[in-house]
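Work through the following exercises with the sequence and the coordinates at hand. Each task is followed by a solution that goes step by step.

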Amino acid sequence: MQRKVPLIHAQMNVFVDGGQKLLGLADVTLPAFTAISETLSGAGIMGEIEVPVTGQFSALTLSMNFKTLYGEPLEFVVGKSYRFDLRTALELEDPASYERGVAKERWSIIGPVKSINPGKRAPRSAADAVIDVAVRRAEQYMDGRQVLEFDPLNDIYTVNGADVYAMVRAAIS
């Protein structure tokens with residue numbers, strides 16, 4: 001397949017600290033990379049412009065939604081760091097030949113659990129429990145190739161092999 005059209009995430013698993021996969025997981029909301037920015041105005045600027053600061057992001061959160069909490073999620077400790085390894089199978093299609101394929105997507109996220117919400121209770125219903133993680137390190141891989149690495153405590157921000165934060169790091173060292 002040359003050009004591939006992404007279709008759907010066929011399936012996923014989440015593993016904790018390199019071991020047990022999480023059961024009862026309904027879905028995961030990955031962290032949003034929202035740049036911290038400053039609004040500038042003044043002479044030479046017609047109105048205002050926003051300037052996103054290189055490598056600076058608002059706090060990142062990984063949210064894991066469960067139908068109910070049972071087993072390993074009950075052992076998580078608020079404030080303790082864990083490594084979450086999310087693996088998804090992304091179905092693709094070649095628009096010329098209509099051949100289907102599957103890409104391997106992986107997110108590796110390290111950070112402390114910041115909240116555990118056990119959800120609601122009602123007869124014949126899911127609990128809709130949520131565990132939120134304060135992200136300290138995030139890595140994304142597509143078919144085994146690293147496409148994103150972010151670690152704000154170690155001055156790392158790399159996209160597709162390009163060190164986005166290199167010039168800033170060099171200027172302050």
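Throughout, a residue is called buried under 20% relative accessible area, exposed over 50%, and partly exposed in between, with a 1.4 Å probe and protein chains only. This is a predicted model, in which local features need pLDDT of at least 70 and side-chain atom pairs count only at pLDDT 80 or more, while totals for chains, interfaces and linings use all residues. Residues are numbered from 1 along each chain as its sequence is written, and side-chain values use heavy atoms, with hydrogens and water left out.

**Exercise 1. Salt bridges**

Task: Determine how many salt bridges the count comes to, and describe the pair formed by Asp85 and Arg106.

Solution. Begin with the criterion, by which a salt bridge is a side-chain nitrogen of Lys or Arg within 4 Å of a carboxyl oxygen of Asp or Glu. By this rule the count is nine. The side chains of Asp85 and Arg106 satisfy it with an N to O distance of 2.7 Å. Next, place the partners: Asp85 belongs to strand 6 (residues 81–93) and Arg106 to strand 7 (residues 100–117), so that the bridge links distant parts of the chain, 21 residues apart; strands (E, at least two residues) and helices (H or I, at least four) are DSSP runs numbered from the N terminus. Finally, classify the surroundings: Asp85 is buried, at 7% relative accessible area, whereas Arg106 is partly exposed, at 27%.

**Exercise 2. A second bridge, a third, and a network**

Task: Decide whether Asp151 is buried or exposed, do the corresponding assignment for Arg137, and find which residues are joined into one network by shared partners.

Solution. Asp151 and Arg137 form a salt bridge whose closest N and O atoms are 3.0 Å apart. This bridge links strand 10 (residues 145–151), which holds Asp151, with strand 9 (residues 137–142), which holds Arg137, the two residues being 14 apart. Asp151 has a relative accessible area of 7% and is buried, and Arg137, at 18%, also counts as buried. For a further pair, take Arg169 and Asp163, whose side chains meet in a salt bridge at 2.2 Å, N to O. Here Arg169 is partly exposed at 26%, and Asp163 is partly exposed at 35%. To complete the task, salt bridges that share partners connect Arg137, Glu139, Glu149 and Asp151 in one network.

**Exercise 3. Two glutamates**

Task: Establish the setting of Glu50 in strand 4, and then find which side chain of opposite charge is nearest to Glu105.

Solution. Glu50 lies in strand 4 (residues 48–57) and, at 55% relative accessibility, counts as exposed. Not counting residues up to four places away in sequence, Glu50 touches Ser37, Glu38 and Thr39, where contact means heavy atoms within 4.5 Å. With Ser37, the side chain of Glu50 makes a polar contact of 2.7 Å; such a contact is a pair of N or O atoms within 3.5 Å, where within protein one must be able to donate a hydrogen and the other to accept it, and residues adjacent in sequence count only if both atoms are side-chain atoms.

Turning to strand 7, which contains Glu105, the nearest side chain of opposite charge is Arg106, 11 Å away, and Glu105 is buried yet has no salt bridge; for this purpose Lys and Arg count as positive and Asp and Glu as negative, while His and the chain ends are not counted. Glu105 does make side-chain polar contacts, with Trp107 at 3.1 Å and with Gln140 at 3.1 Å.

**Exercise 4. Aromatic pairs**

Task: Find how many aromatic pairs there are, and describe the geometry of Phe57 and Tyr157.

Solution. Rings of Phe, Tyr and Trp (its six-membered ring) pair if their centres lie within 6.5 Å, and planes under 30 degrees apart count as stacked, over 60 as edge-to-face and the rest as tilted. By this rule the count comes to eight. Phe57 and Tyr157 form an edge-to-face pair, with 5.2 Å centre to centre and 80 degrees between the planes. Because Phe57 lies in strand 4 and Tyr157 in strand 11 (residues 156–159), the pair ties together parts that are 100 residues apart in sequence. Both Phe57 and Tyr157 are buried. Lastly, ring pairs link Phe33, Phe57, Phe150 and Tyr157 into a cluster.
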